[in-house]
Structure formats: structure tokens, C-alpha cells
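The following exercises concern one molecular structure. Please attempt each task before reading its solution.

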Amino acid sequence: MTVPAAPAAPATRSVVEAAGIRKRFGSTQALRGVDLALAPGRCLGLVGRNGAGKSTLVSVLSGIYAPDSGTVSFSGQPAPALADVGGWRRRIATVHQHSMVVPGLTVAENVFLGRQPGQGGLVDWRRMQAQAGALMREWGFPIDVRLPCARLTVEQRQIVEIARAIAAGTRCLLLDEPTATLERDATARLFTRVRQLTASGAAVLYISHHLEEVFEICQDVAVIRDGEIVLTTPTAAVSKEQLVAAMVGPDAVASPAAATTTDSRGSGTSARTTATTARLTVDRLSAASLRGSLRDVSLEVAPGERVGITGLLSGGVATLARVVAGAQPYEAGRVLVDGRPLTAARPDLALLAGVGYIPEDRQAEGFVPLLGVAENATMTIVDRLAGRTGWLRPQARARAAGPLTRRLSVVSAGLAQPVGELSGGNQQKVTVARALVRQPRLIVALTPTRGVDVAAKTLLLDELAEVTSESGASLLLATDELSDLVICDRVIVLVRGQRFAEFTGPPFDREALIAATEGLASWSGVWTISDRREDS
Amino acid sequence: MSDAEGRLWAPRSGAGDTVAAISLLREAALVPVIVLLVVVGMFVNSAFLTVPNFTGIGQQVSALGVIVVGESLILLIGGMDLSLEGTYGLAPMVAAWLIVPRAEYGAGTLLSPYLALLIMLLVGAFIGLVNGVLIVKGRLNGFIVTLGMTIVLAGVQLGIVSGNSVFNLPSVFTYLGAASVGTVPVSLIVTAAIFVITGLFLRYHRTGRAIYAVGGNLAAARAAGIKVDRIRIGVYVAGSVLAAVGGLMEAGRVSAVTGQQGYQEGIIFTVFAAAVIGGVSLRGGRGNMVGAASGVILLGLVQNIMDLSQVSNYWIEAVTGGVILVALLLARVIGGEAAAE
């Protein structure tokens, strides 16, 4: 690295440099002129809220998308063509949150994937295993290279990806939320490896939702907001509060206005008295899941109460909602609805117990695309619509679905139109109708406004609030979209699968909520901390 | 309902009728092809357009029709069952084997034919149960499970009678396949009834609707509280029982159960062809009994025209296969993207 300093980077020439990157998807301007440079031997943290443009930037930097304008260069050379996958892989390697190893192949094969040593198309297994083994030993990675990757843990698969990058001689590594699915000890070991890499002169871009991690291993930090880099600074020269402020932006002061709707509904929550039995009791619940594990989570939801669960979806928020909805098994603890234990992983029994479930991914779990609006909306009540012999008239279905689809303003060419033909917002309304039509005592909603437009979003939240007020049903609203929480009486923040903070009494301070979801313990908000976080 | 709502809803329900009309059009996609075949048949042979010929066709396709209903149900839940072919042969063979004396390759139990027929249905149900449990609970691939099952069943069918055929069957046994009410074969009446009842069941019964939901989106059906495992296993059982009934019809029609009934004629290929030509999707969740029935009728007509025409016996299969491919293409053109996939 004896090259003269490039003007953009402080001391040494950048390994990667992005200049004026712009990228638009349809009507969304995901990136608006991003400049970013990675210097050798340094780790740059990239932080920003969901939807700020982090993943688009990663995709542009790793050669998955071409930018609309702007350039990416590696050590001063222009980036290879998008089709030259091998060229990109030699220059930059990405370790994704979800591992990209081929499970059926061995560790050695994955390390040398696509460039196995050998001659004339024949793989020299002995040499490949020897080289992979030597690399693992040199870096102190304790993995047998002959094991199939299917038998590795999440942490070990990440190591394989890092080893692949090292073997390819890549000088630049993008780590995209690498700790999201790691245990605490594994995270510490990952940090050691990142320090090893930077010490060897590699440039690392570290993307994380956990600010304390950024402070721990990054020399520099960049904040992206609305597709723009709004702050780039050495980590030592910035405080966590300043980072959060940069991530949230100036419009954060508008947050009380967003919460005003809650006041008008305050009366509904007066029904929430200290009832003898909680509608929902979650007692020391632990669950292991690829969607994010839960550890020892306890909470209660009173009849008529609306409780928000927020944090990262992969931080246990999605898992908690799915367990309560009976969609997922759990390892330890209890889940009680109206004092009666819920059978694990039996959505049909959860339904009978009075739980209405609005799933996270409506395409996967929300509706049957070939079936009509009425049929999808009434799928949870066929037992009531059908006679004892099981026969039912389509008209009965339409009668049952009509009021609710009208109330939710489902726009369709009649109740017989297949839901697969509707727009995303209307599909979501049908999914919500399916949950509400049974008049549940507890509504479990997982990111109910994901991917719907603003009007539909307002309508869905208003309806959820109104239905709970009218019927006395409770609501468990699990979401990573903070603006959904306006309808909640109480918000519980999960960080790394554990209860981290609780906010009582709306309106909730948006900045404090964001700080809590980032795992920041010290914030000038009025909330209790239920955690053992000792750092800072 | 207020006035405003009334106005709001009037045009929408009108649009709903259009949707229904379009889906009816798709169901009837094969009617022009069938009409075309009838015209071709008239030119091929003057004996084609006669009552005896048509009752003959009816009797011939009845067994196929029943097994197509079974396979369609299984396809609707997103599964597939190759072993219906084996059940079609083995179930009636077991019944016949229990009835006839040892000298005629029977088991020597000389069972009452009524009891034997009951056992035949149970054999079908049992095979379906094994398939269903292996596929649903054991999470095994349906193609491989039922392929293995097909070979087992064909082997057992040959084994219990040492490869022989069983003749001299009692009239109770052959009634379904051989008897007629007036000029109309009993098998045709029963098959038509099975199509109608299954069609109504699929459209108006909660379990029938659950079959579409499971095949259309398993995870969504489960999240909506449908007991998806029970439905799927149940459909494998129902499909196999129907295959057993189809096999009984065939045995009655030819007054014998051969050691290779089902396997010999490779009936499973015809079954899949009829179902798919009739618009039952191999991906699950799409298709209905009107379509399946027209697929069966179409193949029956093709077979009959071949028999009546001057096509050499050695070439009949090649021509039939070609006609199946053309029919698939036509069904796709008429029925749109969704058809015949």
C-alpha cells in the first residue's frame, strides 16, 4: 500500500469508492447520490433506519444492481461489468445475514466454490482440502473442512463465507447485519475475526442495527438516511445520541402529531381495568428460530389492551407473534390465552381459543391466490357457516364477508374475484378480514401495514383500533414500523430476543423508541429498562 | 343496507357475474375440441354416431373416469399419486382371489362376494393411508413414494396369483362393470354420479373448499385454521378407494382380473393426460370436475375413433399420443395461461 493518497480518502487509496450513486425503483428513489469510500485496514460502520437505503447500497457495491448513475471503483480501477460475476467476487465479498453457502457441499468446496483447484475440469480434492485446511488453521477457524455445510451452525457458515473471501484474495468485505442471528459469544468471536481482517489490511463495511457494535469495532461510521449519506465521521468523534439524531433526521419532532389519533381513542382503553385474568400471558418463553430467537420473554396483555412489540423483526419480534398465533413451536415457557394454555404450533387450536392472526408475509400465509375474496375472508369461520354435515352455500359466505370487506374498503370486481388478482393493499385487507371475521378475543398482527400505501395503512390501523375498542378484543401488534405503534397503549421493545424496554402511555417518543430498538440503554426518555446491559 | 351501499354494490356484483362467466368459459374450454372430434368420427366411420357405439364408449371410459376423479383430488391438494395404477389392479385382484377356489388361483377362502368387495375398498383405503402418512407425516416426496408403491403393488398382484388371471367371477363382482339398465351401462351411471357428487362436494362442502385452499396455498390454509395434514391424508385415501372402484369396473367389463391389470396398459399415463387436458393443474389448487370429465370424454372419443378408423394396430398408440399433445395445446390456447399446466 505505497500508492499515493487519493483525494477522497484520508491517508491511503480507497479499496472501494462509490461516487454519486443514484438508484430508483419505480417511484421510490432508493439512493440519491451516495458517496462512500472504504480505506484499507479500516472498518466503516454503516447505520440507518429500515428503508434508508442500506440494502440497495450493498447490492450496488456487490454488483447485484447497476446504479442509475454514479460509479463504483476498486483501487482506482472502474468496476467490472455487471455480468462479470467472477470479477466482482475477486474484488468484493459480501457476508449476508442469511448465509449463502451451499448446504450439500463440504466446507472445502464452499470455500473454493466455482474455482476449485485442479486440472482440465477435474477437481483435485486433496489439494483443495489441504488449502482450505491451511487457511482455517492460519486464521484460527476451528472447522473440519470435510464436513458438509448443512451440519454447520450459523456462526460456522459465516466463517465459511469469510474464508471464501480470504481464499479469493478479496481485499474488501461487506458484512450485512452479520450478528442478527448470532448468540452473544459468537458475536464476540466475529469481532475478533473482523479485527484480524482489518489488521491484515482488508477494508470492511459493517452494516448493523446495533450501534454499540459499531462503536466496538468500527474506526469510522457513516449514517444513511432517505438514500443519502448524512454523516461520515471517525467513531471516536461522535456520540450514540448524535448518531441516533442523524438517523432519525429533523422531522422527528413531528412524532407527537403522528400520535394524536391515539388521544381520540383514549376512551377505548379505559375498559382496560385490572381484570382477574389476562387475555394473553406469555411466561418465560424461549424459542429458537431462524426468524430470530426468544429468550425468557414474559408479558401480559389485559382484555381490550393494545400492546405493541417492536425491535428488529429478527430480534424475536416475529417469533413472539408467531408463537402466540400458534404458527411456530417453542422450547420453554408457557403461553396462556384467557388463562388456558395454548397448544404449541397448532394454528387451528389457536383459532378456536380466540386468536386471530394477521401473518407477516401475506403472500406466504395470508391468502389463497386462486380463491375468491369472500372465500378467503371467511376461511376461518367455515365451521360456523357450514351446517353439521359440512355443506355450505356460497351466498352464506358472501353474506358473512360482505360487511367486513366493505368496512375495510376492499376494492375488487366482486366477492368472487380471486385474491391473487388484487393489489397488495387489498390483499392485505382480505388477510385482515380473515383474522377479524371470527371476532377474535386476541388479535395477533405481525407487520400488518408492510408494503401497503399510506391510505390503506391508515385505514388498517384505524380499523384495528376500532375493532378492539368495539369488541373488547386485545391486540398484540408486532412490527418494526414505529408509526404503526400509534394505536398501542403500551410498547415493549425486544432486543436480541429479550425484553429490553417498555414504554407506557402514548404518545411514544419516537427518538427514544428508535434508541431502544438499537439497543441503547442510556436515553433521556421515561422508560424502564429490563436488561443487564452494562457497556457504555 | 343503506341506499349508498346499495349503489356501491350493484355494479360490483355485476362484475362478479362476469368473473363467473369467464371461469365457466375456461371450464368449457374442451367443448369445441369434443365437437370437432365427433365431426371427425362421423367422417371416419358411419357406425360412430350410433347409440350402441356411444354406450360402448361410455362403458369403456367409466373405469378411467373414476380413477381420474381420484387422481384429480390428489392433484388438487398439490400432490400426485402414481400408485393409483397399482391399486386399480391389486384391489380387485385381492377381492377376486378371496372369492374363487384354489384351483382357479384363488386363496381358497371362498369368501362371500359382498365381503370381498368390502375388503377391496379397505385395501384401497389402506394403500392410500400408507401413501398419505409417508408423504404428509414422513415428509417424503410424493413422486418417489408412490412410484415405489406402484412397483410393490404390481408385484403383489402378480405374486398372489402367480401371474395368472382370475376368471369365473360371480355376478355380484362383475355387476358394476358389465350390467346395464336398459341400454345404459351401470358403470356409466355410477361414474357420472361420482363426477357429479364429487363436483358438488368440491364446490359446496367445507372439506371440498379446504382441498382447494390446501392446494392453492398450504401455509395460508394452515394459518386459517384448516387441519391440512388431515385433509391431505384423507384425499390420498379417497383417491385410492376411487382407484379400487375403477379397477372393479374394468374387471367387470372384461369379466376377469388379469395379473397385470392397470400396469399392463399403463393406465396412469392416460389418467394424468385426462386430468391435465381437463385443466387440473399439476401444481395444485386449480381444476374442477367439469374439466376432468371433458378430459375423460375427449380421450374416450379419440380411442374410439382410432378403433373405428383404418389406423394400423401398431400405430394406434403413436397417434393417440400425438392427439393428446394437440389436445393439451388446444386446451391451453382456449383456456388461457392457466389451463393445462
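**Exercise 1: A sheet in chain A**

In this predicted model, V221(A) stands opposite T233(A) in β12(A).

Task: State in which sense strand β11 of chain A and β12(A) pair, and over how many bridges.

Solution. Strand β11 of chain A covers residues 220-225. Its pairing with β12(A) is antiparallel and extends over six bridges.

**Exercise 2: Order and edges**

Task: Give the strand order of the open sheet in chain A, and identify its edge strands.

Solution. Step one: the six strands follow the order β6-β9-β10-β3-β11-β12 (chain A), and their pairing is mixed. Step two: β6 (93-95) and β12 (228-234) of chain A are the edge strands, as each pairs on one side only. Step three: from one strand to the next, the twist averages 20°.

**Exercise 3: Helices on the sheet**

Task: Determine which strands helix α5 of chain A touches and which strands helix α6 of chain A lies across.

Solution. Helix α5 (residues 154-167) of chain A packs on the sheet and touches β6 and β9 (172-176) of chain A. The direction of α5 makes about 175° with that of β6(A). Helix α6 (residues 184-199) of chain A lies across β3 (43-47), β9 and β10 (203-207) of chain A. The angle between α6 and β10(A) is about 150°.

**Exercise 4: A covered helix in chain B**

Task: Find how many residues of helix α9 of chain B are buried, and against which helices of chain A the buried residues pack.

Solution. Helix α9 (residues 206-216) of chain B has 10 of its 11 residues buried; among them are R206(B), Y212(B) and G216(B). From chain A, α15 (373-377) and α16 (382-385) pack against the buried residues of α9(B).

Definitions and conventions
Residues numbered from 1 in each chain as written. Chains lettered and ligands numbered in written order. Predicted model: local features only at pLDDT ≥ 70, side-chain atom pairs only at ≥ 80, totals over all residues. Pairing = 2+ DSSP bridges. Helix = DSSP H or I, 4+ residues; strand = E, 2+ residues; numbered from the N terminus. Axes fitted to C-alpha atoms, helices over the stretch in contact; angles between N-to-C directions. Contact = placed C-beta atoms within 7 Å. Buried ≥ 20, exposed ≤ 12 C-beta atoms within 10 Å, placed from the backbone.
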